[in-house]
Amino acid sequence: MNMPQSLGNQPLPPEPPSLGTPAEGPGTTSPPEHCWPVRPTLRNELDTFSVHFYIFFGPSVALPPERPAVFAMRLLPVLDSGGVLSLELQLNASSVRQENVTVFGCLTHEVPLSLGDAALTCSKESLAGFLLSVSATTRVARLRIPFPQTGTWFLALRSLCGVGPRFVRCRNATAEVRMRTFLSPCVDDCGPYGQCKLLRTHNYLYAACECKAGWRGWGCTDSADALTYGFQLLSTLLLCLSNLMFLPPVVLAIRSRYVLEAAVYTFTMFFSTFYHACDQPGIVVFCIMDYDVLQFCDFLGSLMSVWVTVIAMARLQPVVKQVLYLLGAMLLSMALQLDRHGLWNLLGPSLFALGILATAWTVRSVRRRHCYPPTWRRWLFYLCPGSLIAGSAILLYAFVETRDNYFYIHSIWHMLIAGSVGFLLPPRAKTDHRVPSGARARGCGYQLCINEQEELGLVGPGGATVSSICAS
């Protein structure tokens, strides 16, 4: 295949007799020469690695019995070497008049092979090509060459009669063959279990199939290690239904009057469910909108769930908390646009939020001179279990999850993150505006007097006696 191009201009020696030479029928004559005129083809470029080669007065070719037909196709350097060269031959059975005709095709690179009456091997000395054949029983033949060599490819077509392995030259049968030659990026667009992608390596551009669901091969047609339909359905249901674990945190947040946090959890549950329904590698796929939008919303919701939970645990002032919520949403959106699959997209916001939480709790503990949160039950039954669950989820996401175990490890990740939110979300803050009896409260330099009977509802509208407790 790497013979010098100068060989293409040298006259080919006459074909030596061999044991495979077919028997000559009555009235047949030996061909006068082994050099036949080469028919050019018209090149039509459609897209990257998408080229069609058309023959003049085609696409059907009439093959007379006395001589072959030779066609030339030129593949340009760099532009055509990264695709798949496809050749299809289809025999018109009505053109052979019920004679046992077989059409042989020999595809070679740079040097055409002169097909005589022995077109069975498509090889001569150190030159070998690709052999195709069509007949009344096999009317269609296909050949695909991934990443073909650039240069000129020659296709020689010859019709012979008889039954193999012995063929003779046909008498009056003119076979008609439909020829289709084209260059495509991938084999059959990689089928339903693959995706054709353009890749670049060291300034070399080429196309290849990225197979899914265990399928392999040039066109993702090898099902030896493919996932079954039941397994695909199971993985999809696990990834989608595991998001229902966010329902208890949503209900708990609404009961504790954390409405904004509940909205974030609902957003995460919704988009994570439909993102994983659209992200499946097999045929169990359901997309409600563009895949890129679903992926962005899923990642943003997951990070915002962690962010708002930790900020809510800090129990900051409402204005400060709202500013941090908005600032976190904008910064996380920017980080996801830079790199959606980076580990620091999860660890960075989590560590920063934990720093804010530690600072707020430390300041509150110093002011009160008591550990915050003050009750040991809060630490034992909520904070410690929630922290362990969240830490386990991050470890699974960072070090255990792979492409092979993705569907069940990521489902566990969904359940652990939702469970940790239910433990870590703080209880509703108690607000009691009643001033107890005997309490001392100061205004802006004034004494606050509280009428006990009026507070208890014992004084009528026209009551004249006032028993007040004034705190100085």
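The following conversation looks at disulfides in a predicted model.

Mentor: In this predicted model, local features need pLDDT of at least 70 and side-chain atom pairs count only at pLDDT 80 or more, while totals for chains, interfaces and linings use all residues. Residues are numbered from 1 along each chain as its sequence is written, and side-chain values use heavy atoms, with hydrogens and water left out.

Trainee: What makes C106 and C122 a disulfide?

Mentor: A disulfide is a pair of cysteine sulfur atoms within 2.5 Å, and the S to S distance from C106 to C122 is 1.8 Å, so the pair fits the definition. By this rule the count comes to six disulfides.

Trainee: Why is the disulfide of C106 and C122 called right-handed?

Mentor: The torsion about the S-S bond of C106 and C122 is about 80°, so this disulfide is right-handed, whereas the link of C190 and C209, with -90° about the S-S bond, is left-handed.

Trainee: How do you know that C106 is buried?

Mentor: Buried means under 20% relative accessible area, exposed means over 50%, and partly exposed lies in between (1.4 Å probe, protein chains only). C106 has 2% relative accessibility, so C106 counts as buried, and C122 is buried as well, with a relative accessible area of 4%.

Trainee: Why is C287 called partly exposed, although C278 is called buried?

Mentor: A disulfide joins C278 to C287, with an S to S distance of 1.9 Å. C278 has a relative accessible area of 8% and is therefore buried, while C287 has 38% and is therefore partly exposed.
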